[in-house]
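The following exercises concern ligand surroundings and helix packing. Each task is followed by a solution in steps.

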Amino acid sequence: MSRTALRICPLCEATCGLTLTIDDGRVTGARGDRDDVFSKGFVCPKGAAFGAVDSDPDRLRTPLVRVDGELREATWEEAFDAVAAGVRPVVERHGPHAVGVVLGNPNVHTMAGGLYPPLLIAGLGTRSLFTASTLDQMPKHVSSGLLFGDANLIPVPDLDRTDHLLLIGANPLESNGSLCTAPDFPGRLKALRARGGTLTVVDPRRTRTARMADRHLAVRPGTDALLLAAMAHTLFDEALVDLGGCAPHVDGLDELAAALRDFTPEAVCGACDVDAETVRTLARELAAAPTAAVYGRIGSCTVPHGTLASWLVDVLNVLTGNLDRPGGALFPQAATDRTPRPAGPGRGFALGRWHSRVRRHPEAKGELPMSALAEEIDTPTDEGEPIRALVAVAANPVLSAPDGDRLDKALGSLDFMVSVDPYLNETSRHADVVLPPPPPAQTPHHDFAFNTLAVRNQVRYTRPAVPLEHGRMAETEILARLVLAATGGHGADPAAVDALVVGQTLGKAVKDPHSPVHGRDPEDLAGLLTGANGPERRLDMMLRLGPYGDGFGAQPDGLTLEKLLAHPHGIDLGPLRPRLPQPLKTRSGKVELLPAPIAADLPRLRAALDERPGGLVLVGRRHLRSNNSWMHNVPALTGGSNRCTLHVHPDDAERLGVQDGQPVRVKGAGGEVTAPAEVTDAVRPGVVSLPHGWGHDRPGTRMRHAATEPGANVNQLLDGSLLDPLSGNAVLNGVPVELAPLSAPVPGTSGALT
Ligand SMILES: Nc1nc2c(c(=O)[nH]1)N[C@H]1C(S)=C(S)[C@@H](COP(=O)(O)OP(=O)(O)OC[C@H]3O[C@@H](n4cnc5c(=O)[nH]c(N)nc54)[C@H](O)[C@@H]3O)O[C@H]1N2
Ligand SMILES: Nc1nc2c(c(=O)[nH]1)N[C@H]1C(S)=C(S)[C@@H](COP(=O)(O)OP(=O)(O)OC[C@H]3O[C@@H](n4cnc5c(=O)[nH]c(N)nc54)[C@H](O)[C@@H]3O)O[C@H]1N2
Ligand code: SF4
Ligand SMILES: [Mo]
C-alpha cells in the first residue's frame, strides 16, 4: 500500500517541505512539496535521496553498551543505567566541569536538539561545553552580541527584495545557504538578477555561485575583514554614509570613523590582493544601490579575524542604511520567539565570563572552543580537573575539529563517554554507550533555530511520517532520559522533564507584565495545552506565548499547535519587517557600532595589513550531495564529482610538478594527508582546496560504504592553535600548507568540478 506523508527536510538549513512516498512503512520516494508555503516544491539531490538516507542499513537499531571493552547491543534500560553509572561518579568525585558536553550540527536540525540540551547543560552545571558553533558561526554570534546585545539576533539578507547582494565566503549553490534560511537559494539569486539586481561574490574560488555573479572577487583567504574595513573607510571618506531609518537607533558613528582611519583601500590592497579602485567601486555600488545587503558566511567566519569580518558585514549594512529595512538585512521574527518586550536598554552581552583551563580561552556564549576539547581532556593543570566524562550529541569532532588524531586519543582516555548518534563513526566508536535516535521519517520536525534565520517569516510542523519501529525510542525521549540519567534523576518519568519546563515557563510568563498571560494561573494554562506528548505540548506553549500566538485565548485568532496541525503545508507569516529598536538588548538600547572588545581587536587587524603569505594556503569547499562528515555512507550521494580531491591552480601545479590525478602529500602544522590533485583554475593561484568531513578509515566504525572511499581528513592539517581570539572559533580557512607530489597519477580522477 503506497501513501504519501509530508516531512520538512532536516538535511540542510533550507528546510524544504518534502512529500514522501511510503510503501509498507518505508520511504521509497521524496519530492518537493509544491504546496509548502515556503519552499514551494523545491528539492535538491539530498532531499530527493531522503529515503536512502533514512533507510541506510548501517544506522544503529538498538543501543550499544561497552562490556569488557566491546560495544554490544543492549536494552534501553541497560543503556541508561550505564549512563547514570558512568556520569554521576565523575560529577560527585571531580565536580560538574569534569563532564564535558559536545553538541554537533544536527542538533539545530532536530526538535530534540532544540528542546533538551539546554536542560542537560543547566542540570549538570558544567562549563565544559563545546559545540559545532566554534567550528562555524561563533564569530557572527559574538558580533551580534556586541552590536545588538543578543548573540542570537542575526540580520539576514532580504534575498527576495534586495537590489544588490554582496556575498562573502558563502557558496549557496552547493550549501543551499547558511544563517540565511531560503529554500531554493539558487532560484532566489536568479530572480534577483532577473529583476535587474546585482550579485557580487567574494571568494578565493570561482564557485558555482561566483559564476552566477555580476562580479567575482577572488580575494586572498583570511583577508575579508581588511577588505570590508576599507569599504567602510571609503564610505566615510567619500561622504557616502547614510544610516537611513536606523539612524536614531545607532551609537558610535564618529568613533567608528576614527577607528577605521588606517584602513584605506591602498593600505589593504596588498594583503587582500585586490586593487584599491575595486575596493572603492564595491563601496560605491553598495551605497548607490536602492537597497543592498551584505552577507558573510563560513569563509568570513572560520578565519583569524572572523569576528571583525562578521562585525564589518553589519557595519556596512548600517552605514548604507540597509540594516532593518526591506531589501536590506532584517531580523526575522519566528513563531516560537519569546513575547516581544518593549524597547529599551538591556543587559548587554558579556564575553570571557570564564576561561578554559589549559590555554585560558575566554568563553563565548557559554561555550569553550571546540579546538580546545582535546587539550581539556588530555592535559592536566594545577587549576581544576580535566574532562573525564563526555556527553556527545550528534557530533563527530574527530573529523570536524582540528587535529582529529589527538582528539581520537583523548576520547580513548576518558573514564566514560556517551554518544547520541545514529552511526558508529569516528567519534562514537569511543563511547561506552551509544544511544541511536530513530531515522528522520520516524521523527517529528519543527525548525526552532532556522525560523529565526529565515528570509520569510513562516511556521511549519510535521509529525512523524511513519510510526516508530518496534524497539525504537524517539530522540526527544532519549534526550529527556539522558538529562535525567546524567543529572541525578535516573529512572524518573521522562515526561516530568517537559512538565517541569512547562511549569517554569508558564510560572515566569504569568509574572511578566508584558506577557499576554500576565496574572493568570499557570496550572490552568498548562491544562489548556494540546499535543500528543511532552515535546508537542512545549511547542504549543511556545507558539501560544510567541509573537503570533493566541496568548492562551487573549488573541483568539493567534497561533496554536492545533491551528498549525490544520495547516500541514505551513502558515506564511509574511515578509521580514523592520523591528528596531525593539529587539536590541545592549546596555544603551542602541546598535553599538564600536563595542570595546572589537576596538581592542583592531590593532591585530592593523598588523595584518603588512602580512603576505609566502606559500600556499588551504581553504575548504562543500559539495551539494554531501553534508559535513555523516552523509558519505549513502551510495546515492557519493561518487561522481563528490570526491575528496585537492584543487590546485594550474600555475601552482606547474611550479610544483603536480599533475592532474596525481596523489599529493599535503603538510600542515597538525600533520599530513594524501589526496589526489585536481588541477583547476577554479581556485586562485596560491590557494588549494580540500573538502572536510572525509577520513573514514579508522578502525571500529560501522559505516561500510563510507569506508570504501574514505578520503582524507583535512582537519588533520590543523593543530588547533589557530583561533579567532574573540569568539574562540577555529581557523579552518587560509591555513598555510606545503605540497609534495607523490609517484604516479591515479587513473580516473581528472575532470573539472566545483
Ligand atoms: N575543515 C573544515 N572543517 C569543518 C568545516 C569546514 O568548513 N571546514 N565546517 C564546520 C561546520 S560548519 C560544522 S557545522 C561542523 C560540523 O561538525 P559536527 O556536528 O561534529 O559534524 P557532522 O558531520 O555534522 O556530524 C554530526 C553527527 O551527528 C550524527 N547525526 C546525524 N543525524 C542525527 C540525528 O538526527 N540525531 C543525532 N543525535 N545525531 C545525528 C551524525 O551521525 C554525526 O555523527 O564541521 C566543521 N568542520
Ligand atoms: N551540500 C552541503 N550543504 C551544506 C553543508 C555541507 O557539508 N554540504 N554543510 C552545512 C553547514 S554545517 C554549513 S555551516 C553551511 C555553510 O554554508 P556556506 O558558508 O555557503 O559554505 P561553503 O559552501 O563551504 O562556502 C564557503 C565558501 O567560502 C570560501 N572561502 C574560504 N575561505 C575564504 C576567505 O577567507 N574569504 C572568503 N571571502 N571566502 C572564503 C570557500 O572557497 C567557499 O566557497 O552549509 C550547510 N550546507
Ligand atoms: S536544499 Fe536542504 S532542505 Fe532542501 S531538500 Fe536539499 S537538503 Fe533538504
Ligand atoms: Mo556548520
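**Exercise 1: Ligand 2**

A backbone N or O atom of Val202 lies 3.0 Å from a nitrogen atom of ligand 2, a polar contact being a pair of N or O atoms within 3.5 Å. The model is predicted: local features need pLDDT of at least 70, side-chain atom pairs pLDDT 80 or more, while totals for chains, interfaces and linings use all residues. Residues are numbered from 1 along each chain, chains are lettered from A and ligands numbered from 1 in the order written, and side-chain values use heavy atoms, without hydrogens and water.

Task: State which backbone atoms of His623 and Asn628 approach ligand 2, and how many residues surround the ligand.

Solution.
1. For His623, a backbone N or O atom is 2.7 Å from a nitrogen atom of ligand 2.
2. For Asn628, a backbone N or O atom is 2.8 Å from an oxygen atom of ligand 2.
3. Ligand 2 is surrounded by 32 residues (a heavy atom within 4 Å); Ser175, Asp203, Gly222, Asp224 and Ser626 are the closest.

**Exercise 2: Ligand 1**

Task: Identify the polar side-chain approaches of Glu475 and Arg622 to ligand 1.

Solution.
1. A polar side-chain atom of Glu475 is 2.7 Å from a nitrogen atom of ligand 1.
2. A side-chain N or O atom of Arg622 lies 3.1 Å from an oxygen atom of ligand 1.
3. Glu475 is also among the nearest of the 28 residues around ligand 1, a group including Asn105 and Asp421.

How values were computed:
Polar contact = N/O pair within 3.5 Å; in protein donor to acceptor, adjacent residues only side chain to side chain.
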